[in-house]
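Trainee: Please take me closely through the interior of this model, and then place what you find there in the wider chain.

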Amino acid sequence: MFRYLQIKNLTKPKKSFDSFAIHKRWNSSSHVKICKNAEEAVADIPSSSKLLVGGFGLCGIPENLIEAVKNKGVKDLTVVSNNCGVDDFGLGVLLQTRQIKRMIASYVGENAIFERQYLNGELEVELTPQGNLAERIRAGGAGIPAFYTATGVGTQLVEEGGFPIKMNTDGSVAIASPKRETKEFNGKKFVLVEAIRGDFALVKAYKADTKGNLIFKNTARNFNPTMATAADVTIAEVEEIVPEGQLGPDEIHLPGIYVHRLIQGPSYQKRIEKLTLEKEKKEDKKANDASEASQKREKIVKRAALEFEDGMYCNLGIGIPTMASNFVRPGVRIELQSENGLLGMGPYPKSGQQDPDLINAGKETVTTKPGSSIFSSSDSFAMIRGGHMNLTILGGLQVSKNGDLANWVIPGKMVKGPGGAMDLTASGSRVVVTMEHSSKGSLKILDECTLPLTAKGSVNRIITELAVFDVKKGGGLILVEHEKNTTVEQIQKVTGCDFEVSPSLKVIEYSH
């Protein structure tokens, strides 16, 4: 379960002003309309609209505009956003009031209402890999109707079609995802995906001038600038509005040409979905040291840390992969990339130093460090999809002997969404999967994955608490390391496929 911190009225206007006077004076010389409040800004949004909504988790969401849409009572909305908030905040409130007909998103996450409405056939959900989502919106804003991508090739969700968008109450499929066209370029297969545009975009920025130029703060940038470019009408809410000329041209993250309406939010809760502090992580580790599950995880984490080489750019998945960064060997320096728009991720903050506008892809509070950089979600996935990452470590539900990976859904039971995993595994970087060798008697390393795939033939190495396997070119596994108290025969009994044993098989070593 997630934890969040609610900070009431964390951010208020820098100074009070007469909103009507500011509206009248500044609107006269700009195409941007300065609205008196969120209700005025969304007044003409009709039912059945398509809304592009910025934010990542609860970070950088246009909370005042979302509340105004809820109060307006419009129905049958199609909402495009990375995720859908939590049960009682962010876009989750529009699920509670059943104002959303279809969600186009990459991640369901911990929103129980989102998952339940989808599985019960009450909500249409078009799940989209996160990088595809960012690029589809960017393309929509750039006038590009469609593009080819390697992300999702060979998967039911993206290429093959037939994945449920809407379920019937009896569990059958009411609406299925379409099959998509493919084409080869330079001997590699790509799939054609369509751009996304919206009727309205609702975005959140830190500061604006009266011409609509926007500045974002830290990782609250995420999807916001990209969303703003791809709608007929873009409505931005900000924490401060200043007269034109007070923002330097080099400071501006999004030019005002994309912004049509502007409000200064009266206050912001800025809830933190997963407050994660340096001290808490140490205490949690100490408290859990005795459990068998934590001992398994620690073995996997410490072995995974040996994959890091000096100078690598790395993307680490949620959970066990992220923990591996705590055990980087002395003398090895790596740069951690978080797909919500951060390169050079620092440690968890100390108590009192957390910033709700600075999180990682797991929605945890983090810090920056000297040399860090922050950018939009579309720029983040350009790094990933362009092959600029050296190493990806992520978790798995199943891996096949040919390196196929399944890690995002158990049909009819659990839907987390693909997030960025499909993009990461299609990028050409080295892919290492960390997972427990088996789960409650179910084998996880198999001849073929039985769950919907994340990617085909993308995995280079599998690390479990018992063994390390390499995936051979052309398919097949080779056992290269084993846990010191575990024999090859014992590993074979809990592995659902045959494998070769390396002539140089060795005992697993661990980073400390």
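Mentor: What follows begins with the ground rules, turns to the interior, and then moves outward to selected sites.

This is a predicted model, in which local features need pLDDT of at least 70 and side-chain atom pairs count only at pLDDT 80 or more, while totals for chains, interfaces and linings use all residues. Residues are numbered from 1 along each chain as its sequence is written, and side-chain values use heavy atoms, with hydrogens and water left out.

The largest nonpolar core holds 46 residues, and those with the most contacts inside it are Val69, Phe114 and Ile235. A nonpolar core here is a set of buried Ala, Val, Leu, Ile, Met, Phe, Trp, Tyr and Cys residues joined through side-chain atoms within 4.5 Å; buried means under 20% relative accessible area, exposed means over 50%, and partly exposed lies in between, with a 1.4 Å probe and protein chains only. The largest share of this core, four residues, comes from helix H3, residues 63-72. Helices (H or I, at least four residues) and strands (E, at least two) are DSSP runs numbered from the N terminus. In soluble globular proteins, nonpolar side chains tend to be buried together.

Helix H3 deserves a closer reading. Its buried residues are Glu63, Asn64, Leu65, Ile66, Ala68 and Val69, and the helix is followed by Gly73, whose phi is positive, near 80°. Leaving aside residues up to four places away in sequence, Val69 touches Val42, Ile45, Leu51, Val74, Leu77, Leu94, Gln99 and Leu202, where contact means heavy atoms within 4.5 Å. A second, separate core of 31 residues includes Val32, Leu133, Val203 and Ala236.

The backbone offers two further points for inspection. Arg98 has a positive phi of about 55° although it is not a glycine, and its place is in the loop between helix H4 (92-96) and strand S4 (100-105). Asn222, which is likewise not a glycine, has a positive phi of about 30°; this residue sits in the loop between strand S13 (214-215) and helix H8 (224-229) and counts as buried because its relative accessible area is 0%.

Some other sites show how sequence separation and spatial separation relate. Ala142 lies in helix H6, residues 130-142, and counts as partly exposed because its relative accessibility is 45%; the C-alpha atoms of Ala142 and Ala230, 88 residues apart along the chain, are separated by 7.6 Å. Glu244 belongs to the loop between strand S15 (240-242) and strand S16 (261-264), where its 43% relative accessibility makes it partly exposed, and from C-alpha to C-alpha it is 8.6 Å from Asn213, with their positions 31 residues apart in sequence numbering.

Two sites farther along the numbering complete this part of the picture. Lys296, in helix H10 (residues 292-304), is partly exposed at a relative accessible area of 25%, and it touches Glu436 and Glu465 when residues up to four places away in sequence are not counted. The C-alpha atoms of Lys296 and Asp423 are separated by 28 Å, at 127 residues apart along the chain. Ile508 is placed in the segment after strand S33 (500-507) and is buried, with a relative accessible area of 6%. Beyond four places in sequence, Ile508 touches Arg303, Thr464, Leu466, Ala467, Val468, Glu481, His482 and Glu483, whereas its C-alpha atom is 31 Å from that of Val366, 142 residues apart in sequence.

The whole chain gives these details their setting. The protein chain has 14 helices and 33 strands, and 57% of its 512 residues count as buried. Among contacts between residues at least 6 apart in sequence, 71% join residues at least 24 apart. The C-alpha trace spans about 80 × 50 × 45 Å along its principal axes. The radius of gyration of the chain is 23 Å, which agrees with the value near 24 Å that a compact globule of 512 residues would have; this radius is taken over C-alpha atoms, and the globule rule is 2.2 Å times the number of residues to the power 0.38.
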